[in-house]
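Subject: Structure handover

Hello,

Here is the structure for your files. My notes follow below it.

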Amino acid sequence: MAGEPQADCLFCKIVAGEVPATVVRESETTVAFRDINPQAPTHVLVIPKVHHPDAASLAAAEPAIAADVLRDAGEVAADEKLDSYRIVFNTGSGAGQTVFHAHAHVLGGRGLQWPPG
Ligand code: 5GP
Ligand code: ZN
């Protein structure tokens with residue numbers, strides 16, 4: 001069923017505490033933790049606790065939780081004292097998505113090029 005934990009999903013395992021992560025923020029509906037392969041001085045992933053394959057699917061199915069992810073992305077940026085930062089939702093393997101559980105990347109602490117690669 002949509003939103004149910006998936007046995008083969010890395011981020012569902014992080015939500016369940018079965019895979020360790022450096023958690024920086026948690027809410028009833030979300031978890032934020034440091035990316036294992038950071039691409040910037042601050043690189044935090046904000047994920048919904050429920051499983052949806054990408055951000056748009058999450059927003060279509062559970063819009064309030066999609067809003068929670070965005071709220072927490074902003075709170076992470078504030079905690080990290082970032083006045084400029086980027087929120088990225090890679091969607092599809094061609095765009096670099098490798099984990100098919102919706103997640104926001106919060107990137108900052110260095111200059112960020114526009115347009116992105
Ligand atoms: P994507 O490529 O799907 O947009 O983002 C997945 C992110 O998850 C990547 O930036 C990758 O470094 C990160 N990642 C992959 N495995 C782990 C892990 O076991 N722990 C943590 N904290 N991050 C991970
Ligand atoms: Zn999942």
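A polar contact here is a pair of N or O atoms within 3.5 Å, where, within protein, one must be able to donate a hydrogen and the other to accept it. One such pair involves H103: a polar atom of the H103 side chain lies 2.7 Å from the backbone oxygen of H101. Please keep in mind that this is a predicted model.

H103

H103 sits in the loop between β4 (85-88) and β5 (104-108). Is H103 buried or exposed? Its relative accessible area is 8%, and the cut-off for buried is under 20%, so H103 counts as buried. Leaving aside residues up to four places away in sequence, H103 touches F11, L45, V46, I47, V88, F89 and Q97. The UniProt record, an unreviewed entry, lists H103 under "active site"; such annotations may be inferred rather than shown by experiment.

Zinc site

H101, whose backbone oxygen takes part in the pair above, is also a ligand of the metal through its ND1 atom. Which other residues coordinate the zinc ion (ligand 2)? They are C9 (SG), C12 (SG) and H51 (ND1), and the distances for the four donors run from 2.1 to 2.3 Å. The angles among the four donor atoms are 106 to 115°, and the site is tetrahedral. Along the chain the donors are spaced as C-x2-C-x38-H-x49-H. The pair C9 and H51 links distant parts of the chain, 42 residues apart: C9 is in the segment before α1 (10-16), and H51 is in the loop between β3 (42-48) and α2 (55-61). Both C9 and H51 are buried.

Regards

Note on methods. Residues are numbered from 1 along each chain as its sequence is written. Chains are lettered from A and ligands numbered from 1 in the order in which they are written. This is a predicted model: local features need pLDDT of at least 70, side-chain atom pairs count only at pLDDT 80 or more; totals for chains, interfaces and linings use all residues. Side-chain values use heavy atoms; hydrogens and water are left out. Donors are N, O and S atoms within 2.8 Å of the metal (3.2 Å for Na, K and Ca); water is not among the atoms, so sites may look incomplete. Four donors count as tetrahedral if all angles lie between 85 and 135 degrees; four count as square planar and six as octahedral if opposite donors are over 155 degrees apart and all others between 65 and 115; anything else is irregular. Helices (H or I, at least four residues) and strands (E, at least two) are DSSP runs, numbered from the N terminus. Buried means under 20% relative accessible area, exposed over 50%, partly exposed in between (1.4 Å probe, protein chains only). Contact means heavy atoms within 4.5 Å.
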